[in-house]
Amino acid sequence: MKNELIVELKPKSTISEDIRTIRTNLEFLLTDKESKTFMFTSSTPGEGKSFISSNLSIAFAQNEKKVLLIDCDMRLGRTHKIFEVSNKQGLSNLIAQYSNTTNINNYIQKTKIKNLYVLPRGTVPPNPSELLSSKRFENLLEKLKIIFDYIILDSVPTNGLPDALVLSKLADKTIIVSKYGATEINDLEATKKALENVNANIAGVIVNKVPKTKSKYGNYYYAE
């Protein structure tokens with residue numbers, strides 16, 4: 001599998017510079033010390049949401065922040081593959097068993113990158129949406145906020161699944177990832193409307209995979 005951690009491998013690349021610019025913009029949005037959770041979603045699969053959330057996690061960690069990336073796609077999440085960590089125990093397992101006495105260190109994994117930790121998706125459960133909307137997950141997230149400077153939630157796309165809408169209620173800021181030349185404007189508008197209907201705090205849209213010949217300041221892309 002191609003290594004997607006561009007910010008770590010090619011820190012001087014245009015893509016890495018763009019990712020760091022997004023990081024700075026997001027930091028300015030969080031004026032409250034209690035605000036520290038970002039959720040990333042998209043309209044449909046394959047728009048680069050996990051690429052963006054993974055590299056932004058690295059960018060935050062490189063800025064001397066303790067960061068936790070949570071793979072909230074308990075169906076098809078691939079964060080464990082991107083960071084090459086075990087998926088034997090993950091978010092689904094932790095939520096199902098969580099209590100005040102649970103040792104969360106048994107589920108959270110340190111990556112090779114300083115200050116960056118990953119909570120993979122874990123075993124595929126029969127009820128991902130119910131787990132994410134449970135009081136146990138809400139309590140878990142509150143505990144994690146005490147431990148980490150920033151928490152990044154890599155969610156599922158919004159099409160046909162309630163997971164992202166559930167998570168947006170718990171996140172301080174929600175970011176929509178779209179793919180240049182692929183995301184239909186109707187899908188993007190539907191995603192924005194669905195998030196607004198649950199009072200999600202939408203920080204903006206990241207346009208991904210903009211061709212180099214068309215990129216300019218303000219467009220953030222992943223060029224294959």
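**Close-ups of a predicted model**

**View 1. The whole chain.** Nine helices and seven strands make up the secondary structure picked out in the protein chain, and what you're looking at is a predicted model. Of the 224 residues in the chain, 54% are buried. Take the contacts with a separation of 6 or more: 76% of them link residues 24 or more positions apart. On the outside, the chain exposes about 10,800 Å², with carbon and sulfur atoms supplying 48% of that area.

**View 2. The largest nonpolar core.** This one has 30 residues, and those with the most contacts inside it are Leu-26, Phe-38, Phe-40, Ile-52, Leu-56, Phe-60 and Phe-83. Elements giving two or more residues to the core include helices H1 (6-9), H2 (14-29) and H3 (49-62), along with strands such as S1 (37-42) and S6 (173-179). H3 gives the most, with seven residues.

**View 3. Around Phe-60.** Skip the neighbours within four places in sequence, and Phe-60 is in contact with Arg-23, Leu-26, Glu-27, Phe-38, Lys-65, Val-67, Tyr-150 and Ile-152.

**View 4. A second core.** Separate from the core around Phe-60, there's another of 26 residues. Among its members are Tyr-107, Leu-131, Val-166 and Leu-167.

**View 5. Asn-115 in its loop.** Asn-115 is found between strands S3 (109-110) and S4. Why does Asn-115 count as buried? Because its relative accessibility is 17%, and the cut-off for buried is under 20%. Its side chain reaches the backbone oxygen of Ala-61 at 3.2 Å. Again leaving out neighbours within four places in sequence, Asn-115 is in contact with Ala-61, Glu-64, Lys-65, Lys-66, Val-67 and Lys-110.

Conventions: Residues are numbered from 1 along each chain as its sequence is written. This is a predicted model: local features need pLDDT of at least 70, side-chain atom pairs count only at pLDDT 80 or more; totals for chains, interfaces and linings use all residues. Side-chain values use heavy atoms; hydrogens and water are left out. A nonpolar core is a set of buried Ala, Val, Leu, Ile, Met, Phe, Trp, Tyr and Cys residues joined through side-chain atoms within 4.5 Å. Buried means under 20% relative accessible area, exposed over 50%, partly exposed in between (1.4 Å probe, protein chains only). Helices (H or I, at least four residues) and strands (E, at least two) are DSSP runs, numbered from the N terminus. Contact means heavy atoms within 4.5 Å. Accessible areas come from the Shrake-Rupley method with a 1.4 Å probe; for residues, only the protein chains shown count as cover. A polar contact is a pair of N or O atoms within 3.5 Å; within protein, one must be able to donate a hydrogen and the other to accept it, and residues adjacent in sequence count only if both atoms are side-chain atoms.
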